[in-house]
Amino acid sequence: MDIRFEQAGATFGDRVAVEPLTLSLTERRIAIIGLNGSGKTTFARMINGLVRPTTGHVTINGLDTVGDGEDVRSQVGFIFQNPQNQIILPILREDIALGLKTRRLPVAVVDDAVEAILARFGIEHLAARRAHELSGGELQLAALASVLVTEPEIVILDEPTNQLDLRNRAQVETTLRLLDESVLVISHDLALIEDFDRALMFHEGRLAADGTPCEVIAEYRKIAAP
Ligand SMILES: Nc1ncnc2c1ncn2[C@@H]1O[C@H](COP(=O)(O)OP(=O)(O)OP(=O)(O)O)[C@@H](O)[C@H]1O
């Protein structure tokens with residue numbers, strides 16, 4: 001994977017959410033940390049084109065997030081802070097199949113892919129369940145399955161362990177550890193990201209630290225200290 005920001009920044013009205021920055025991300029597991037409102041989600045949304053840069057360019061494997069938006073979104077899966085907002089169809093199996101059906105793939109291909117992803121996450125028993133009945137952890141895994149079934153190269157997760165109990169948190173943590181895809185994780189859960197390949201810290205819209213999780217977490221503790 002090759003994510004490049006070239007003097008790319010984002011403003012909403014006169015509010016600067018992400019100041020223009022230039023960087024290249026090629027590591028497989030990247031963490032994004034920082035205080036509330038520091039620009040993490042905006043930065044992540046710029047990667048799949050959900051937020052267009054107001055200055056500069058963002059490219060993913062050479063594709064521009066604005067000019068090649070559709071191709072970019074097929075390469076970058078995004079799992080939102082509240083996975084319940086992501087599940088569209090009531091029955092989980094149908095929801096997981098949706099992303100493939102919109103690509104007009106043959107039914108047998110869709111069915112095989114859905115069964116494979118359910119098995120990969122060990123959630124076959126949830127396939128016929130209604131999404132609104134699922135627990136937070138089950139829903140988090142279901143949202144991951146719905147995104148990964150379309151085989152994106154990069155997966156972005158916005159606070160994947162937020163509001164999860166210890167058991168569900170461990171389940172999601174293990175799942176993340178075993179993913180083959182490149183992952184970018186926004187998290188306030190520092191234990192989750194401590195063995196990642198690289199960490200970025202945002203502060204007041206600026207990329208304020210970039211290095212190993214150990215180095216960046218130390219910077220974060222400094223700015224978070226009262
Ligand atoms: N759609 C929007 N319209 C206006 N302002 C926005 C919008 N999205 C984000 N902002 C502002 O941009 C800044 C950065 O927000 P962002 O959601 O990127 O922060 P964050 O670091 O992800 O925060 P948190 O940890 O609380 O989720 C904030 O001041 C926020 O109010």
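Helices here are DSSP runs (H or I) of at least four residues, strands are DSSP runs (E) of at least two, and both are numbered from the N terminus. With those labels in hand, welcome to the close-ups; please keep in mind that the model is predicted.

**View 1. The whole chain, with eight helices and ten strands.**
The chain's secondary structure comes to eight helices and ten strands. Its radius of gyration is 18 Å, close to the 17 Å that the globule rule gives for 226 residues, so the chain is as compact as a globular protein of that length. The C-alpha trace spans about 50 × 40 × 30 Å along its principal axes. Buried residues make up 41% of the 226. Of the contacts with a separation of 6 or more, 65% link residues 24 or more positions apart. A UniProt record, an unreviewed entry, places the feature "domain: ABC transporter" at residues 3-226. That span is 36% helix and 27% strand, and its end C-alpha atoms lie 34 Å apart.

**View 2. The largest nonpolar core, with 64 residues.**
Which members of this core touch the most other members? They are Ile32, Ala142, Ala145, Ile156, Val185 and Ala199. Helix H5 (residues 136-148) contributes the largest share of the core, eight residues. Pick out Ile156 to follow the packing residue by residue. Beyond its neighbours within four places in sequence, Ile156 is in contact with Ala44, Ile47, Asn48, Val76, Phe78, Ile79 and Leu184. Two of these partners, Ala44 and Ile47, are also among the buried residues of helix H1, which appears again in the next view.

**View 3. The shell around the ligand, and helix H1 (40-47).**
Phe12, Arg15, Ala17, Gly34, Asn36, Gly37, Ser38, Gly39, Lys40, Thr41 and Thr42 are the residues around the ligand. By type, the shell holds two nonpolar, seven polar and two charged residues. Strand E2 (15-25) and helix H1 each supply at least two residues of the shell. Which element gives the most? H1 does, with three residues. Is H1 mostly covered or mostly exposed? H1 is mostly covered, since eight of its eight residues are buried. The buried residues run through Lys40, Thr41, Thr42, Phe43, Ala44, Arg45, Met46 and Ile47. Among them, Lys40, Thr41 and Thr42 also belong to the ligand shell. After H1 comes Gly49, with a positive phi near 80°.

**View 4. Thr22 on strand E2.**
Strand E2 also supplies residues to the ligand shell, but here the eye goes to Thr22, which lies in this strand. Is Thr22 buried or exposed? Thr22 counts as exposed because it has 11 C-beta neighbours inside 10 Å, and the exposed class takes 12 or fewer. Leaving out neighbours within four places in sequence, Thr22 is in contact with Phe5, Glu6 and Gln7. For a distance to check on screen, try Thr22 and Val58: their C-alpha atoms are 9.2 Å apart in space, while the two residues are 36 apart in sequence.

**View 5. Helix H3 (residues 92-101) and its packing partners.**
The buried residues of H3 are Leu92, Asp95, Ile96, Ala97, Gly99 and Leu100. Why might buried positions recur along a helix? An α-helix has 3.6 residues a turn, so residues three or four places apart point the same way. The buried residues of H3 pack against helix H4 (107-120) and H5. H5 will be familiar from View 2, where it supplies eight residues to the largest nonpolar core. On H4 you can find Asp111. Asp111 has 14 C-beta neighbours inside 10 Å, so it counts as partly exposed. Asp111 and Lys101 are ten residues apart in sequence, with 9.9 Å between their C-alpha atoms.

**View 6. Two loop residues with positive phi, Arg104 and Glu159.**
Arg104 is found in the loop between H3 and H4. Its phi is near 55°, a positive value in a residue other than glycine. Arg104 counts as exposed because it has 7 C-beta neighbours inside 10 Å. Where is Glu159? Look in the loop between strand E7 (154-158) and helix H6 (166-178). Glu159 is not a glycine either, yet its phi is positive, about 50°. With 19 C-beta neighbours inside 10 Å, Glu159 counts as partly exposed, because a buried residue needs 20 or more.

Definitions and conventions
Residues are numbered from 1 along each chain as its sequence is written. This is a predicted model: local features need pLDDT of at least 70, side-chain atom pairs count only at pLDDT 80 or more; totals for chains, interfaces and linings use all residues. The radius of gyration is taken over C-alpha atoms; the globule rule is 2.2 Å times the number of residues to the power 0.38. Two residues are in contact if their C-beta atoms, placed from the backbone, lie within 7 Å. A nonpolar core is a set of buried Ala, Val, Leu, Ile, Met, Phe, Trp, Tyr and Cys residues joined through C-beta atoms within 7 Å. UniProt positions are given in the numbering used here, feature names are shortened, and annotations may be inferred rather than shown by experiment. A residue is near a molecule or strand if its C-beta atom, placed from the backbone, lies within 6 Å of it. Ala, Val, Leu, Ile, Met, Phe, Trp, Tyr, Cys and Pro count as nonpolar, Asp, Glu, Lys and Arg as charged, and the others, Gly among them, as polar.
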